[in-house]
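Subject: Model handover

Hello,

Here is the model for your files. Please look through it first; my notes follow below.

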Amino acid sequence: MNIIETKNLTKTYGGFAAVSGLNLHVPKGTVYGFLGPNGAGKSTTMKMFLGLTKPSGGSFVIDGKHFPGDRAQILKEIGSFIEAPAFYGNLTGEENLDIVRKILGLPKASVSEALEIVGLTQHRKRLARKYSLGMKQRLGLASALIGKPPILILDEPTNGLDPVGIHEIRTLIRSLPQQFVCTVLVSSHLLSEIELMADNIGILNHGRLLFEGTLDTLKRNAAAQGYPTDNLEDTFLALIDADNQQRGGAR
Amino acid sequence: MSFVLELRKVKRTGFLPAFLSGGILAAAVPALNMAFRSEMYVGMNAAPVNILLDANWQMMSMLNILLVVAGACILYNTEYADNAIQRMCTLPTKESTMFFGKTAVLITVSILLLMIEAVSVFGCSIHWFEESADLYMETLKNFGFFLMLMLPTILFSLVIASVSKNMWISLGIGVVCVFVATMIPSQNFVLTLFPFALPFLTLESHTADVIRNYTVAGAVETVLIALLEVMILKVRRSFE
């Protein structure tokens, strides 16, 4: 069963199509890796799911709920982290999460729980503006994870983290479907990273979905089309390059 | 709920101290004026509150409006500075709810501001003039009128602050609006309906009919500005 489904989802800015006729299927209880080069339309798609951007065409259903009619219900079920951490710099990490908690109507304990998950308990009383980039990233993740939502939308969540932090967050994301019984839609422009986290992947280029399925299916399809399959990074690059060539060399 | 949340968000921004110190500064205006040149006013044949407001209200209201503009900028700067507004927009709450929460906070601190000023005017009246029976009522009536006419200013300042992500642009527009308002002739009814010009008006300088018209116009303006913000939020979302 798919928890997120889009039908010809499109977003255009003037004459430029950021997302074009996207048909995405995110199965429930899995980690779905949303992959694509910078500017492929990953963030725009995620923003549409969260109501931050209005779709120009098409539709989507999240957990059986339609947008925009069921916007509030959809947002109640989604924990999100888009592009960069968003927080109140004049408040502490704990106070930031408490604001989110109050809006979501969660119990007080959910704040300390979220801080514990991302390893910020020790720094909970520090002002968010004084956090390091990695700590801000963790605060953003804690804000997404608070209340253990059934759906998590994470846009490049490991940006700005050191290798240890990347490993920790990656392990955490990988464990989320079992730990919290949730579905994770995570974007990245690094196949190596998605490879270690995702059950299913969707590859986006210039707003169009080039591939959707498991990594094994990707390997098989790539081999059938004569693309390199020894290294998934090469497979991904070959796929993107072939699409760019087809589009007349546009990058 | 939204009011409490919005109040929490301004923690450590200097918002409350700014209004408190601004209120004390504005309250000091009539006191200092009377302390240095009371002989100019004590012999006048009018109600003490009216004499004091006639002599000081222009300066006091100017301070009030500047505080409202700065307050609105602070309220929205907390949202825009570290992009917190994006997180708020991904939660099951409406941006318009946030706007009205901020409006409630700004109205509350403006009431506090006017109360400090009212105490000062009341105190000056008792100290320098003969105490009259209706002094209490006169003060209440005047400051109630000021609050009513301040509502459009509060909402319009918040609309300006909500539109621009850069606080300095909002502050600049607000300050320009304040100075434009000071140039508007106070006897022209239509021109004085400019939201930043309304708080300069006093009860004493107008007839009962005109005061009623201003009160109605202030209420209508308040509603219209609130609707304008709701429309702005809807249109802005379509272009994002």
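How many helices and strands does the secondary structure of chain B come to? The count is 8 helices and 0 strands. Helices here are DSSP runs of H or I with at least four residues, strands are runs of E with at least two, and both are numbered from the N terminus.

Some housekeeping. This is a predicted model: local features need pLDDT of at least 70, side-chain atom pairs count only at pLDDT 80 or more, and totals for chains, interfaces and linings use all residues. Residues are numbered from 1 along each chain as its sequence is written, while chains are lettered from A and ligands numbered from 1 in the order in which they are written.

Chain B

Along the sequence, chain B reads α-α-α-α-α-α-α-α. Its C-alpha trace spans about 60 × 35 × 30 Å along the principal axes. The radius of gyration of chain B is 19 Å, which agrees with the value near 18 Å for a compact globule of 240 residues. That radius is taken over C-alpha atoms, and the globule rule is 2.2 Å times the number of residues to the power 0.38. Of the 240 residues, 42% count as buried. Buried means that 20 or more other C-beta atoms, placed from the backbone, lie within 10 Å of the residue's own. Contacts are pairs of residues with C-beta atoms, placed from the backbone, within 7 Å. Among contacts in chain B between residues at least 6 apart in sequence, 81% join residues at least 24 apart.

Chain A

Chain A has an open sheet of 6 strands with mixed pairing, in the order E7-E8-E9-E4-E10-E11. Strands pair if DSSP finds at least two bridges between them. The edges are E7 (78-81) and E11 (208-214), each paired on one side only.

E8 (151-155) and E9 (183-188) run parallel, joined by 5 bridges. Asp155(A) has Ser187(A) in E9(A) as its bridge partner.

E10(A) and E11(A) are antiparallel, with 6 bridges. Asn200(A) stands opposite Thr214(A) in E11(A). The two strands E10(A) and E11(A) form a hairpin with 2 residues between them. In the turn, His206(A) has a positive phi of about 50°.

Two helices lie across this part of chain A. H8 (215-224) crosses E10 (200-205) and E11, at about 115° to E11(A). H9 (232-246) lies across E4 (31-35), E10 and E11, at about 35° to E10(A). Axes are lines fitted to C-alpha atoms, for helices over the stretch in contact, and angles run from 0 to 180 degrees between N-to-C directions.

Best wishes

Terms used: Contact = placed C-beta atoms within 7 Å. Buried ≥ 20, exposed ≤ 12 C-beta atoms within 10 Å, placed from the backbone.
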